[in-house]
Amino acid sequence: MDIIQDYRKIIKKNLSNTIDEGYIPELGRHKSGKVREIHFKSDKIGSPIIMIATDRVSSFDHILSRCIPFKGKVLNLFSKWAFANTKDIVDNAMIESPHDNVIIQKRMKKIPFEFVVRGYVWGSMAKDYENGKREFCGIKLSNKLLKYQKLPEPLFTPATKAEQGNHDINVSFEYMAKRIGRKLSSKLKNISIKLFNRASKLAKNKRFIFIDTKYEFGLDSHGKIFLIDEANTPDSSRYCSKDEYEKFIKIEKEMASGKYKNVSELIKQKAKLKIKELSKQFVRDALIKKGFDHDSIGDIPNLTNEDVIEVSYRYITLYEKLTGNKLNFPQTNIRQELLDKLKQENYIKGGVAIIIAGSDSDLPHIKKIQIELDKYDIASIIRICSAHKQPAKCEEIVNKYNQSIEPIVFISVAGGTDALSGVVSYHSVHPVISCPPNAEKYQSCINNPPISSNSLILRPQNVAKHTAKILGHNNPEIKEIINKKKKDKIKKLEEADKQF
Ligand SMILES: Nc1ncnc2c1ncn2[C@@H]1O[C@H](COP(=O)(O)OP(=O)(O)OP(=O)(O)O)[C@@H](O)[C@H]1O
Ligand SMILES: [Mg+2]
């Protein structure tokens, strides 16, 4: 009881201490999944992709507005546990995990299917079954099954991965075989079922039932199969405690009376018989209660604080019970903890200057700025975009960097009428320093209209120092360089003074 209360208290305290976005420009190119933020420097198969598991939750293929404290950490910990326990069945793409929210994997050629394995008549399958459907992904089931019932053997029901906002579509093995080849399909089916059986065994050891799951696979450049993405997490799988599943005996008895059309009818009348699963289903149920389901369109409702605490609690306790490990709760701001760890492990410097220039003809000036930034050990990224010729792209670039969770300073480099400084400083949430290449004609950017908030510094050296002061606020290494430079200069002046 104490642990329950303590955990709920910790979660409550951390309701806003979540990672809702996870774009870190220093890590390279970026794409957002529904739950993960993916960074990569190359398209090459085998090259690293850095995946940050955020605390976002998606349901019915929509991303919800509220985050679930510690969910990202828990998902990664589940995957790491699953990867470590399945290497003998199939290799996985994981390279390392520098922080609980971060998993680095080898980039693979994604196989465009979701490999779903079901051990029980549950979820969408149960709904279809009760509506009279008997054939699932080309497999015929008997008429005698009930919702929640264990299937005679695990069922392989692959689906195609839909674009964001669309639902995945179930497909037959034959369909998959036509698309990616029969031999590969058979191999993947066997691996999926073996993985499912392994997870069932691990769950059984801890008095849990592994109900169903989905896996993703990729191929390396030699065509070797790798397990990718996440595995056996409560986002991708359903679990249930053995004790909870005891209810099924009562359900069978009730159904034998012939009074109910199906199990869902029975549960409508005897709600206590609903078997509570440990998975994302709690989120789905909370939304259904608010009138939103699989077929709804429009805005998805908000979860309440109580809902959020419950989901977090369920994810954490399931993880701890299944693996026997304890979750390390963050002691401070979780975003900062994540950035600090990546910095400590040399993945990032922890702050970045985006030098945005109106033309590549400004490169000599940009290089001068970069050389000065290097002296403060500040990472810099060059972007070329003309505010006159590509206004939409400028806005797009700025909006993308607005998602960054690491601090940014924009350095705007544009000659002539310098529309760039105005556009960038209007749209950006980050500070903007204008450093036009033609220092004698700088007037344009100081005449920007209200709410354009750029500052103007003409010397690259001074731009770098100002950038260092902004980024140094939370960065002791940069602060130290600023102080050292100051001391060195003063020492030099004093020595010069002594000479005269
Ligand atoms: N090792 C890997 N190589 C290539 N792609 C990977 C690898 N691991 C994961 N991915 C891809 O990275 C993305 C992970 O993000 P996330 O889990 O948030 O996405 P999703 O919600 O499953 O689906 P979507 O990508 O459609 O938004 C997925 O598209 C997944 O297929
Ligand atoms: Mg995914």
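A polar contact is a pair of N or O atoms within 3.5 Å. With that in mind, the tour of this predicted model may begin at the ligand, where such contacts are to be found.

**First stop: ligand 1**

Select ligand 1 together with Lys34. A backbone N or O atom of Lys34 lies 3.0 Å from an oxygen atom of the ligand. Next, add Gln105 and Lys106 to the selection. Gln105 offers a polar side-chain atom 2.9 Å from a nitrogen atom of ligand 1, while Lys106 places a backbone N or O atom 2.9 Å from a nitrogen atom of the ligand. How much of the accessible area of ligand 1 does the protein cover? On its own the ligand has 610 Å² of accessible area, and the protein covers 91% of it.

Now display the shell around the ligand. Strand S2 (36–40), S3 and S7 are the elements that give two or more residues to this shell. There are 20 residues around ligand 1, and those that come nearest are Val35, Arg36, Gln105, Lys106 and Glu216. Colouring the shell by class gives eight nonpolar, three polar and nine charged residues.

**Second stop: the largest cavity**

Keep Arg36 and Gln105 selected, for both also belong to the lining of the largest cavity. The rest of that lining consists of Met51, Ala53, Asn76, Ser79, Ile103, Asp229 and Glu230. Strand S3 (48–53), helix H2 (71–84) and strand S7 (102–106) are the elements that give two or more residues to it. The space within amounts to about 40 Å³, and the lining holds three nonpolar, three polar and three charged residues.

From this lining, select Asp229 alone. The residue lies in the loop between strand S16 (225–228) and strand S17 (237–241). Is Asp229 buried or exposed? Its relative accessibility is 16%, so Asp229 counts as buried, the cut-off being under 20%. The backbone also deserves inspection here: Asp229 has a positive phi of about 65 degrees although it is not a glycine.

**Third stop: Arg207**

Another positive phi may be viewed at Arg207, a residue other than glycine, where the angle is near 60 degrees. To locate Arg207, display the loop between helix H5 (182–205) and strand S15 (208–219). Arg207 is partly exposed, with a relative accessible area of 46%.

**Fourth stop: the second largest cavity**

The model has two cavities of 30 Å³ or more. For the second largest, select Arg118, Ser124, Met125, Asp128, Phe136, Cys137, Thr157 and Asn170, which line it. The enclosed space is about 30 Å³. Which element gives the most to this lining? Helix H3 (residues 123–130) does, with three residues. By class, the lining comprises three nonpolar, three polar and two charged residues.

Remain at Phe136, which is placed in strand S10 (residues 135–136). Phe136 has a relative accessible area of 4% and is therefore buried. To gain a sense of distance, select Lys259 as well: the two residues stand 123 residues apart along the chain, and their C-alpha atoms are separated by 27 Å.

**Fifth stop: Ser425 and Ala439**

Move along the chain to helix H14 (residues 419–427), which contains Ser425. With 3% relative accessibility, Ser425 counts as buried. Display its side chain and two polar contacts can be followed. In one, a polar atom of the Ser425 side chain lies 2.9 Å from the backbone oxygen of Ser421; in the other, the side chain reaches the backbone nitrogen of Ser453 at 3.1 Å.

Then select Ala439, in the loop between strand S21 (432–434) and helix H15 (443–446). Ala439 has a relative accessible area of 33% and is partly exposed. Add Arg459 to the view: it is 20 residues away from Ala439 in sequence, and the C-alpha atoms of the two are 8.1 Å apart.

**Last stop: the chain as a whole**

Finally, return to the full view. The secondary structure of the protein chain comprises 17 helices and 22 strands. Along the principal axes, its C-alpha atoms fill a box of roughly 105 × 55 × 45 Å. What share of the protein chain counts as buried? Of its 500 residues, 51% do.

Terms used: Residues are numbered from 1 along each chain as its sequence is written. Chains are lettered from A and ligands numbered from 1 in the order in which they are written. This is a predicted model: local features need pLDDT of at least 70, side-chain atom pairs count only at pLDDT 80 or more; totals for chains, interfaces and linings use all residues. Side-chain values use heavy atoms; hydrogens and water are left out. On a 1 Å grid over the protein atoms alone, a cavity is a set of points where a 1.4 Å probe fits but cannot get out, and a pocket is an open set with protein on both sides within 12 Å along at least five of seven lines; lining residues have an atom within 4 Å of a point. Grid points are joined across faces, edges and corners, and a volume is the space filled by probe spheres set on the points. Helices (H or I, at least four residues) and strands (E, at least two) are DSSP runs, numbered from the N terminus. Ala, Val, Leu, Ile, Met, Phe, Trp, Tyr, Cys and Pro count as nonpolar, Asp, Glu, Lys and Arg as charged, and the others, Gly among them, as polar. A residue is near a molecule or strand if one of its heavy atoms lies within 4 Å of it. A polar contact is a pair of N or O atoms within 3.5 Å; within protein, one must be able to donate a hydrogen and the other to accept it, and residues adjacent in sequence count only if both atoms are side-chain atoms. Accessible areas come from the Shrake-Rupley method with a 1.4 Å probe; for residues, only the protein chains shown count as cover. Buried means under 20% relative accessible area, exposed over 50%, partly exposed in between (1.4 Å probe, protein chains only).
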